[in-house]
Amino acid sequence: MSLSPAKIRTTGLHRLGGVYRRAALLPLAGALLFAIAGCKQEVQHAPDVWATVNGKEIKHDDVDKYYRTRVNPEGQQPSQEEVLSLKLNVLDELINNEILLERAKKLNLEASDGEVEDKFTEMKSPYTEEEFQRQLKERGLSVDDLKKGLKRQLSTEKLMNREVVAKISITDQDVTDFYNANKAQFNVAEPQYRIAQIVVTPRKEPQIRNRKNDDATTDAEAQRKVKMLVDRLNSGADFAQLATDYSEDMNSAATGGDLGYVPESALNQSDPALKKMVVGMKPGQVSPVLSLKDRYVILKLVTRESPGQRNIADPQVQQTIRDTLRNRKEQLLRSAYLAVARDEARVRNFLAEQVVEAAGKLPDAAKGSTGK
């Protein structure tokens with residue numbers, strides 16, 4: 001069994017605030033609703049329109065397409081209520097993404113065709129054409145769907161970088177204040193190992209959150225994927241970049257596989273082969289592939305720490321505090337920015353309205369669409 005942040009006890013030096021960035025999901029475009037003679041007019045929409053954002057329609061098929069990427073077709077059949085609840089969540093994400101995309105376009109931050117093609121080529125490069133087309137088919141996506149999704153994702157990233165990330169500032173006083181208020185967290189009681197991992201499983205995962213949405217579904221696929229990763233690591237590829245792009249561990253992929261600082265006692269609860277590998281590694285070293293019970297794991301020992309109080313002058317302590325404060329502020333600003341943007345948009349969620357009107361029963365709009 002590989003390590004994951006949810007299964008290990010960490011210290012104050014463990015990362016304290018990873019931010020999950022949702023990928024942009026919706027198709028492009030957007031038409032404004034016009035008010036006629038200063039009066040509100042009810043616009044009739046087709047039954048397959050589940051929401052509108054400033055007049056731009058989000059349809060049943062849009063929701064279903066992304067819903068299918070969230071569920072495991074081999075898992076237990078969910079109830080109609082569970083399916084509908086997840087589809088409402090997906091629809092809410094699509095609404096938010098459309099709002100942010102419209103803002104990016106108004107601020108001339110929309111990704112260019114060249115940027116989209118570069119990202120598409122990068123995403124496609126690890127696969128043969130046959131493997132790439134098979135993965136698209138499994139997800140019910142076309143090349144056009146993928147490129148539109150990339151355009152939305154890159155445009156939203158540009159928007160957030162300018163409107164949120166660029167406005168965050170962490171001062172030396174902020175760092176000092178945090179250290180003084182949390183000094184006990186930087187007292188290391190036992191040896192610590194800062195570990196990063198890349199995980200590949202030979203089965204379809206219900207949720208994949210790596211950047212390339214890449215998921216091996218059989219042992220043969222997993223072995224081919226692991227070989228590709230080893231070849232790229234041996235060629236000098238960045239471990240964190242590969243983990244972000246390809247790791248199938250949903251908890252650590254977004255942080256470059258970083259598990260933070262793992263106490264030596266926590267290693268006793270892991271697979272013995274994994275513990276033996278970690279203890280025997282040198283800082284900066286990457287392990288060979290570990291074939292564990294239900295997955296393949298590649299480890300990197302980032303650093304090893306001896307017990308004792310960490311001083312604020314320690315560069316590692318400084319960086320940990322800055323990362324923590326930056327992540328906290330970024331998460332707060334992203335939430336506030338989206339709330340303001342949503343307040344300024346004209347949104348109608350017809351599916352949600354019908355669910356309320358149906359008083360717990362399955363609304364007509366959802367009948368026949370709640371299968372996997």
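**Exercise 1. How many residues lie between β1 and β2 in their hairpin, and which residue in the turn has a positive phi?**

Before we start: this is a predicted model, where local features need pLDDT of at least 70, side-chain atom pairs count only at pLDDT 80 or more, and totals for chains, interfaces and linings use all residues. Residues are numbered from 1 along each chain as its sequence is written, and side-chain values use heavy atoms, leaving out hydrogens and water.

Step 1. Find the strands, which are DSSP E runs of at least two residues, while helices are H or I runs of at least four, both numbered from the N terminus. Here β1 covers residues 49-53 and β2 covers residues 56-59.

Step 2. Look at the turn: two residues separate the strands, and asparagine 54 has a positive phi of about 50 degrees.

Step 3. Check the pairing (DSSP must find at least two bridges between two strands). β1 and β2 run antiparallel and are joined by four bridges. Valine 53 has lysine 56 as its bridge partner, threonine 52 has glutamate 57, and alanine 51 stands opposite isoleucine 58.

**Exercise 2. Work out the strand order of the open sheet and say which strands stand at its edges.**

Step 1. Add the other neighbour of β1: β9 pairs with β1 in the antiparallel sense over three bridges. Alanine 51 turns up again, with asparagine 349 as its bridge partner in β9.

Step 2. That gives an open sheet of three strands, ordered β2-β1-β9. β2 and β9 (347-349) are at the edges with a single partner strand each, so one side of each has no neighbour in the sheet. From one strand to the next, the twist averages 20 degrees.

Step 3. Now see what packs on the sheet. Helix α1 (residues 60-67) touches β1 and β2 (contact means heavy atoms within 4.5 Å). Its direction makes about 50 degrees with that of β2.

Step 4. Finish with burial (buried is under 20% relative accessible area, exposed over 50%, partly exposed in between, with a 1.4 Å probe and protein chains only). Five of the five residues of β1 are buried. On β2, Lys56 and Ile58 make up the covered face, while Glu57 and Lys59 make up the uncovered one.

**Exercise 3. Describe how α2 meets α12.**

Step 1. Get the geometry, using axes fitted to C-alpha atoms over the stretch in contact and angles from 0 to 180 degrees between N-to-C directions. The axes of α2 (residues 80-106) and α12 (residues 350-357) come within 10 Å and cross at roughly 145 degrees.

Step 2. List the residues: α2 brings Leu84, Leu88 and Leu91, and α12 brings Leu351, Ala352 and Val355.

Step 3. Sort them by class (Ala, Val, Leu, Ile, Met, Phe, Trp, Tyr, Cys and Pro are nonpolar; Asp, Glu, Lys and Arg are charged; the others, Gly among them, are polar). The contact has six nonpolar, no polar and no charged residues.
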